[in-house]
Amino acid sequence: MTTVTSRKKSVAVNPLKQSQPLGAALAFLGLKGTVPLFHGSQGCTAFAKVLLVRHFREAIPLATTAMTEVSTILGGEDNVEQAILTLVEKAKPEIIALFTTGLTETRGDDMKGILRTFRESHPELDSLPIVFVSTPDYKGAMQDGFAAAVREIVATDFGSRDESLVEMLPQVTILAGSLLSPGDVAEIKQIVQDFGLKPLILPDISGSLDGHLEDEYQTTTAGGTSLEQLRNLNQSTFTLAIGESMRSPAETLQQQFGTNYEVFPQLAGLEAVDKFLWRLSQIVNSRHDPHFIKPPTVPNKYEIQRRQLQDAILDTHFYFGRKRISLALEPDLLYQTAWLLHNMGAEIQAAVTTTKSPILSDLPVDSVTIGDLEDLEDLAAGSDLIIANSQAKSLAKKLHIPLYRLGYPIYDRLGNGYRFLISYRGTIQFLFDIGNIFIEQEESQNNH
Amino acid sequence: MAFKQSKVAALLNEPGCEHNHQKGVGKNKACKQQAQPGAAQGGCAFDGASIALVPITDAAHLVHGPIACAGNSWGSRGSLSSGPMTYKMGFTTDLSENDIIFGGEKKLYKAIKEVCDRYQPAAVFVYLTCVTALIGDDLDAVCQAATQKFGTPIIPVNSPGFAGTKNMGNRMAGEALLDHVVGTVEPEYTTPYDINLIGEYNIAGELWGVLPLFEKLGIRVLAKITGDARYQDVCSAHRAKLNVMICSKALINMGRKMEEKYGIPYIEESFYGIADMNRCLRNIAAKLGDRELQERVENLISEETAKLNQALIPYRSRLQGKRMVLYTGGVKSWSVISAAQDLGMEVVATSTKKSTEEDKARIKELLGKDGIMLQKGNAQELLRVIAKTKADLLVAGGRNQYTALKARIPFLDINQERHHPYAGYVGLVEMAREIDEALHSPIWAQVRKPAPWTVNSYHVAASIG
């Protein structure tokens, strides 16, 4: 049982967390033809945009209702209306994703009322879905905003599906939590397809943030979960929720469509991936063989990858044993990373995170701090490795500890849209990455 | 609301700003422009205030608001320091729901104490944001109490994001400096050649390409406002003989008010390109009114330009006649044109969205009759113009980097996120090198090359045959 603590202080120094609206924006970027619209002042959008652009090295379509002093006093109704109309005219989105910020939540804009009035006065836009989510900056962190957005997406009625379409393959819903990178999501998609299933990934940031060249200039997200897919959510035979924070949207899907679900709090490490593939094979088998008489079938390539991972674990374990590692990551990513390292024989020296989560009580470490990078600096001294975002660079340097970059933002490494660290293959990559850092460290120590 | 609305109105009507001089005559109302919901892309007033003040390197910058303002932005500014690194840290009161209900003043006071105790900054700049302005926290009172209690200057910066654009935030930063910083400390000594540089933020270390020139000339930069600044220097800025406003209408209120209050004249200059750099040095010498200094300037100019011409020879032939679309704001909308022309390049279009009438007149003069002046700008418009003018290169801010790259067009970053210094004589060589590299990279053919199987069948057949 891990104790969750937060230090009594009035100032956050070198913040680790980002705000809820940023998380919501990231989730909505995984919907196709979408423009995420921040209801706040210009800066709310600009800061989020700069952070995401630097992290992904991609053009990121985000919009703002551009609240001013006057509209803050009078209410944001006109700004919301004008922003939506402008977006419809200029960007022609298929979906508009609208969410609040600290400013408009403090002001207390009646968003439900504003949207109702908007719908009444613009019947011509009845077919345009507007997903709304409340994401005050003064509560929670990026992961919470991401989860809140996914919860609203699955609760939204996007209209009925085209019944004439006949599904050839059984469909499963993948709720892809904020711990997953675009590369991770792409890998999951591949795995599910390899099992002969049709993945409906929500949100699918692998289609929009994976870094690919389009032929035309994009005014909205270039890929992601399409409107048609969203209308097909009720067709899925099962929901696989990746990351504890995806439990609540999975529950919503169960309530709405009766779809059973399983939460996978992590997808890295041998056991976690085994469980995921086992579940996929059960889904496949249950269609033909409800009593599980036949042994589950797993595509041969994963048998091979599994053996490769076991070999990688053997090769790398010399370097992980008794290493002390300090982590500063959002809860879901912290959980996945901490357990993976623990299962390699490393010791978690310190864990710092951004926001509350039930999963924090089950970490392979005595206590976890909800805090900032100043807390990490105080706790990490003497570690062999720090795993955190790029902002931890200067403290790692100060403490003479190598930094492995994970989380958001990573602005001084390439390939954040491409890199994947889940599945057997991703775990292998992760173990090699970290193992190589330890080898380098050993060598430099021997040279002294 | 605790922050002063009358002040916002006054800043919007800044008389030193060209945009206002032309009110009623010219059509540009850039200073008064309100951001358009759904279309606006820029930063907010808090963003602008941070841009202008964070480069004070030995100060702590404490953001009083919920996590978004600091959490999403801290540490990302491109201004460099030759010493202290306190400015690169992120400090915020990270307000929770309870703080918003019960008020954030106590927490702010404690936060200031904790920052002073642990990090001993030369000063703390405290930024009021949207939420803390809205809940009515009395920033000035807390800062005043804290200054007295902790013996460290605590400077209130009234910069709620909703008060306006980045430009407005720059001015609010200027007001904070005028009200609480400038004039609070006497310099150890003064010389007849003391100047302040205002509006230069040492992005990518640009100042370091220019400061050696001043040193050679015997001109002392008393205060850099604010690139690579130390707090004390800004305090004593009121003893300078001349204010040199660099590439910025944004802090024009500082120039004007320091003239009113301390009798310091100001000139507006640019460090980009040979012509502008020469003019800048000549104007400073003329204003400081010293024949010997003017002679030294002439000598330096001929020395530097000779050296520069030599250094540019390998690039000139490679850049000759290449066509550039320039998309930036204010002074840069014309000063970079002159820099490009120094390199033998042609600017086929430039933006005038944030330019004053005076800027526009200069642009017209520099562009020639075929040059396009872009009034409005979004990515699509920009791509249309690039296609129409058959431009070889887009020079713009980081925000448009992916507009260019995704369209497979060479790009040079000219704004605050850039990594290379382009100011001064050495900066022009750097710019030439960067443009050359961008234009002549072997990658362009590859990223534009269609897959062989998408080429029509005749070609395929021919290549097999």
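## Two chains, their sheets and their hollows

A:Val352 stands opposite A:Thr369 in strand S13 of chain A. Let us build outwards from that pair. This is a predicted model, in which local features need pLDDT of at least 70 and side-chain atom pairs count only at pLDDT 80 or more, while totals for chains, interfaces and linings use all residues. Residues are numbered from 1 along each chain as its sequence is written, chains are lettered from A and ligands numbered from 1 in the order in which they are written, and side-chain values use heavy atoms, with hydrogens and water left out.

### The sheet of chain A

Helices (H or I, at least four residues) and strands (E, at least two) are DSSP runs, numbered from the N terminus. Two strands count as paired if DSSP finds at least two bridges between them.

In chain A, 6 strands make an open sheet with parallel pairing, in the order S1-S13-S12-S11-S14-S15. At its edges are strand S1 (3–5) and strand S15 (403–405), each pairing on one side only. From one strand to the next, the twist averages 20 degrees. Angles here run from 0 to 180 degrees between N-to-C directions, and axes are lines fitted to C-alpha atoms, for helices over the stretch in contact.

Strand S12 (residues 347–353) and strand S13 (residues 367–370) of chain A run parallel and are joined by 2 bridges. A:Ile370 in S13(A) is the bridge partner of A:Thr353. Helix H13 of chain A packs on this sheet, where it touches strand S11 (324–328), S12, S13 and strand S14 (385–388), and its direction makes about 180 degrees with that of S12(A). Contact means heavy atoms within 4.5 Å. S13(A) is also joined to S1(A), again in parallel, by 3 bridges; there, A:Thr5 has A:Thr369 as its bridge partner.

### A sheet and a helix pair in chain B

Chain B has an open sheet of 4 strands in the order S6-S5-S7-S8, with parallel pairing. Why do strand S6 (220–226) and strand S8 (266–269) each have one side without a neighbour in the sheet? They stand at the edges with a single partner strand each, so nothing in the sheet flanks their other side. The twist averages 25 degrees from one strand to the next. Strand S5 (residues 194–200) pairs with S6(B) in the parallel sense over 6 bridges, and B:Asn196 has B:Ala223 in S6(B) as its bridge partner.

Also in chain B, helix H13 (residues 274–288) packs against helix H15 (residues 332–342) at an angle of about 120 degrees, with the axes 7 Å apart. H13(B) brings B:Ile274, B:Ala275, B:Asp276 and B:Arg279 to the contact, and H15(B) brings B:Trp334, B:Ser335, B:Ser338 and B:Asp342. By class, these residues are 3 nonpolar, 2 polar and 3 charged. Ala, Val, Leu, Ile, Met, Phe, Trp, Tyr, Cys and Pro count as nonpolar, Asp, Glu, Lys and Arg as charged, and the others, Gly among them, as polar.

### Where the chains meet

The contact between the chains takes 62 residues from chain B and 56 residues from chain A. About 5,000 Å² is buried between them, and carbon and sulfur atoms give 59% of this. Buried area is the accessible area (1.4 Å probe) that two parts lose on being put together, summed over both. B:Pro37, B:Asn72 and B:Trp74 supply 15% of the area that chain B buries against chain A, more than any other three residues.

### Hollows

On a 1 Å grid over the protein atoms alone, a cavity is a set of points where a 1.4 Å probe fits but cannot get out, a pocket is an open set with protein on both sides within 12 Å along at least five of seven lines, and lining residues have an atom within 4 Å of a point. Grid points are joined across faces, edges and corners, and a volume is the space filled by probe spheres set on the points. The whole structure has 7 cavities of 30 Å³ or more.

| Hollow | Volume | Lining by class |
|---|---|---|
| Largest cavity | about 390 Å³ | 16 nonpolar, 11 polar and 4 charged residues |
| Second largest cavity | about 180 Å³ | 9 nonpolar, 6 polar and 2 charged residues |
| Second largest pocket | about 870 Å³ | 8 nonpolar, 11 polar and 14 charged residues |

Which helix gives the largest share of the lining of the largest cavity? That is H13(A), with 5 residues. Among the residues nearest the centre of the second largest cavity is B:Trp74. Those nearest the centre of the second largest pocket include A:Ile370 and B:Asp94.
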